[in-house]
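Hi everyone, thanks for coming. I'd like to walk you through one model today, so let's put it up on the screen.

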Amino acid sequence: MRELPVVTKNLLAINVLMFLALLAFEKLGVDLNNLLGLHLFLAPDFRPYQLVTYMFMHGGFTHLFFNMFALFMFGKVLEYVWGSKRFLIYYLATGIGAAFVQELVQYIYFDTQLSHYSNVNIGGGVIVPMLQYLNVWTTVGASGSIYGILLAFAMTFPNERLFVIPFPFPIKAKYFVLIFGALELVTGLSPHAGDNVAHFAHLGGMLFGIILILVWRKKGKINGPYNF
């Protein structure tokens, strides 16, 4: 069995350590997700470095577990095929790309739905200034990069069969990613989603991923598709 490649191993470690730091700092009254998570660029708490740091923060153990499980299962394969440097570039580029898409979608929502308000009723009769409300819009998680990895795996090994819950049968990677992408788009466009999931950030990771892969293939930097 091959040793876990260096970038995948270090990304797993960093994400886990940042989650432990989140829990530790909570006990000190410091919210690392607010400091390092991604805010809309109009919010007072927005900082440019959040475009990178947000992808190493998570909203809970389940959020962390599923992202890291996907990174372990699919990221290591891509790192073996592409090499560590290219895989790291891809991981960061898709994560940052997802952040830009999330910023754009949130700005469009703000501009079309909220920009004419100076205060917002957040429930229970509590009214807060709009800028304070914008600070609540915090995006965290490696999901943009993870969806980029899933897209890359499907483009590299399109006919590899995967066993994925809830499907009772193996499904080819290319169909799995198409179904997931379609579900993200439909759910993201639904006016009744209300699930606090950054669906368009996931799609942004896939979008930037396919652009990068096509550019690399055109320049002969990577090959594919392959079959196991």
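Let me start with a single residue: Leu 88 lies in helix α5. For helices and strands I'm using DSSP runs, H or I of at least four residues for a helix and E of at least two for a strand, numbered from the N terminus. Leu 88 counts as partly exposed because its relative accessible area is 34%. The cut-offs there are under 20% for buried, over 50% for exposed and partly exposed in between, with a 1.4 Å probe and protein chains only. From the C-alpha of Leu 88 to that of Gly 224 is 19 Å, with the two positions 136 residues apart along the chain.

Before going further, the small print. This is a predicted model, where local features need pLDDT of at least 70 and side-chain atom pairs count only at pLDDT 80 or more, while totals for chains, interfaces and linings use all residues. Residues are numbered from 1 along each chain as its sequence is written, and side-chain values use heavy atoms, with hydrogens and water left out.

Okay, the overall picture. The chain has 9 helices and 6 strands. Its C-alpha trace spans about 60 × 40 × 35 Å along the principal axes. How does the radius of gyration fit a compact globule? A globule of 228 residues would come out near 17 Å, and the chain has 19 Å, so the two agree. That's taken over C-alpha atoms, and the rule is 2.2 Å times the number of residues to the power 0.38.

Of the 228 residues, 44% count as buried. Looking at contacts (heavy atoms within 4.5 Å), residues 24 or more positions apart account for 68% of those with a separation of 6 or more.

Now the inside. Which residues have the most contacts within the largest nonpolar core? They are Leu 71, Trp 82, Tyr 90, Ile 149 and Ile 213, in a core of 56 residues. By nonpolar core I mean buried Ala, Val, Leu, Ile, Met, Phe, Trp, Tyr and Cys residues joined through side-chain atoms within 4.5 Å. The elements giving two or more residues to this core include α1 (6-26), α4 (61-82), α5 (84-114) and α9 (199-218). The one that gives the most is α7, with 9 residues.

Take Leu 71 as an example. Leaving aside residues up to four places away in sequence, Leu 71 touches Thr 8, Leu 11, Leu 12, Lys 76, Phe 87, Tyr 91, Ile 146 and Ile 149. Apart from the largest core there's another one, of 8 residues, with Leu 40, Ala 43, Leu 114 and Val 120 among them.

A few more residues to click on. Met 73 sits in helix α4, and at 36% relative accessible area Met 73 is partly exposed. Its C-alpha is 13 Å from that of Glu 3, 70 residues away along the chain.

Leu 178 is in helix α8. Buried or exposed? Leu 178 is exposed, because its relative accessibility is 60%. The C-alpha atoms of Leu 178 and Ala 154, 24 residues apart along the chain, are separated by 9.1 Å.

Then there's Pro 48, in the loop between β1 (38-39) and α3 (50-53). Pro 48 is exposed too, with a relative accessible area of 58%. Between the C-alpha atoms of Pro 48 and Leu 12 there are 24 Å.

That's my tour; happy to take questions.
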